[in-house]
Amino acid sequence: MSTFSERYGYVVPNDAIIKEDTPKEIINAFCSLWDYIGSDYDNQRYKYIPWENLEMEVWCHFLNLRRNDFYSKQVVITSVLYDENQPWYKKLDLIEFIIQAMFDGAYRRNDGRAINYCEAFVKSLNAEFERLHYGYRIVDKKVTPITSEMEIQAIEEAICVSQDNIKEHLSRAIALFADRESPDYVNSIKESISAVEAFCRELTGKSTLGVALNELEKKGIKMQARLKEGIEQLYAYTNQPDTGIRHCLMDVTSDYRPSYNEAYFMLVSSSAFINYLKGLISK
């Protein structure tokens, strides 16, 4: 069930995309997967991963502590991750270190099964990061940001300088996108493009985006041709029956479902285009 703030659009961009932080829900997700490796170790599923050795690896080569002070079955990894005195980036350093160590052990033994299990672990972790709207992914065994501050700023700027109806569309797009339990990417995309449409309608009085863009050019607001074509193509994408974005139902013959990535792209692109038009108008 969505929260009050999500239903009524009081979710800000920095809440929708978690960056420069390692909140407990992210640590819990990682540790739950890590617990699964440990609990299943005796059942041989992950016997190809040097699970117990990783605790010592972290002790000696991440924390740089003395090997003789390490004792068997010592819990190192989770104690560091849940340590509130550790900075957020140090925890991501540790996650990256663990993943690299897992793969290094598999590669040293040239064990294809171990490599497959490591890849499955990373895939599951990335799925959790996506579910929790974390602004990072594991790419080539490294923690990699998937959003930039400029993208977040573009959304915030479009919201701050827009009239109430446009602001409402963008706020709803964020809220639908940010719902951790049941994100609605279809309607988030719809709200994003509707914000652009509403902005152009305010300027021209025209009811559809394509007509409104042409009317803006008649009024002397000259857009770069490829940028105009780009937003028209995005608008066409939202109107295709098989996307279900601006229609009640998707084409029953289509298996297409908009994803996190498409919804985020549309939110950023729509916000940036609104800012672009505002810049042209202010000249």
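A search of the whole structure, which is a predicted model, finds zero disulfides. Two of the cysteines can nevertheless be placed with respect to the surface: Cys31 is buried, with a relative accessible area of 4%, and Cys118 likewise counts as buried, at 0% relative accessibility. A further cysteine, Cys200, belongs to the largest nonpolar core, described below.

The largest nonpolar core comprises 42 residues, of which Phe177, Cys200, Leu213, Ile274 and Leu277 touch the most other members. At least two residues of this core are supplied by each of helix H8 (149-160), helix H9 (164-178), H10, H11, H12 and H13, and the greatest contribution, 10 residues, comes from H13. A second core, separate from the first and made up of 39 residues, includes Ile26, Ile95, Leu125 and Ile138. In soluble globular proteins, nonpolar side chains tend to be buried together. When neighbours within four places in sequence are left aside, Phe177 is in contact with Ala16, Ile17, His133, Pro183, Tyr185, Ser188, Tyr260, Ala263 and Tyr264.

Among the helices that contribute to the largest core, H10 has 20 residues, which at 1.5 Å a residue should span 28 Å, and the distance of 29 Å between its end C-alpha atoms agrees with this expectation. Because 15 of its 20 residues are buried, H10 is largely enclosed by the rest of the structure. Just after H10, the backbone at Gly205 takes a positive phi of about 80 degrees.

Helix H12 (residues 225-239) consists of 15 residues and reaches 21 Å from its first C-alpha to its last, close to the 21 Å expected at 1.5 Å a residue. Its N-terminal end is capped by Gln224, a side-chain oxygen of which lies 2.7 Å from the backbone nitrogen of Arg226. The buried residues of H12 are Lys228, Ile231, Leu234, Tyr235, Tyr237 and Thr238, and what covers these buried residues includes helix H10 (185-204), helix H11 (209-218) and helix H13 (260-282).

Turning to the strands, S1 (residues 136-139) and S2 (residues 142-145) pair in the antiparallel sense over four bridges. Among the pairings, Val139 has Lys142 of S2 as its bridge partner, while Ile138, which is also a member of the second core, is partnered by Val143 of S2. In a regular strand the side chains alternate between the two faces of the sheet. The two strands form a hairpin with two residues between them, and in the turn Asp140 has a positive phi of about 55 degrees.

Lys141 also lies in the loop between S1 and S2. At 18% relative accessibility, this lysine counts as buried because its value falls under the 20% cut-off. With residues up to four places away in sequence not counted, Lys141 touches Glu96, Ile99, Gln100, Phe103 and Tyr107.

Conventions
Residues numbered from 1 in each chain as written. Predicted model: local features only at pLDDT ≥ 70, side-chain atom pairs only at ≥ 80, totals over all residues. Heavy atoms only, no water. Pairing = 2+ DSSP bridges. Expected span 1.5 Å × (residues − 1). Buried < 20%, exposed > 50% of the residue type's maximum accessible area, 1.4 Å probe, protein only. Contact = heavy atoms within 4.5 Å. Polar contact = N/O pair within 3.5 Å; in protein donor to acceptor, adjacent residues only side chain to side chain. Disulfide = S-S within 2.5 Å. Core = buried A, V, L, I, M, F, W, Y, C linked by side-chain atoms within 4.5 Å.
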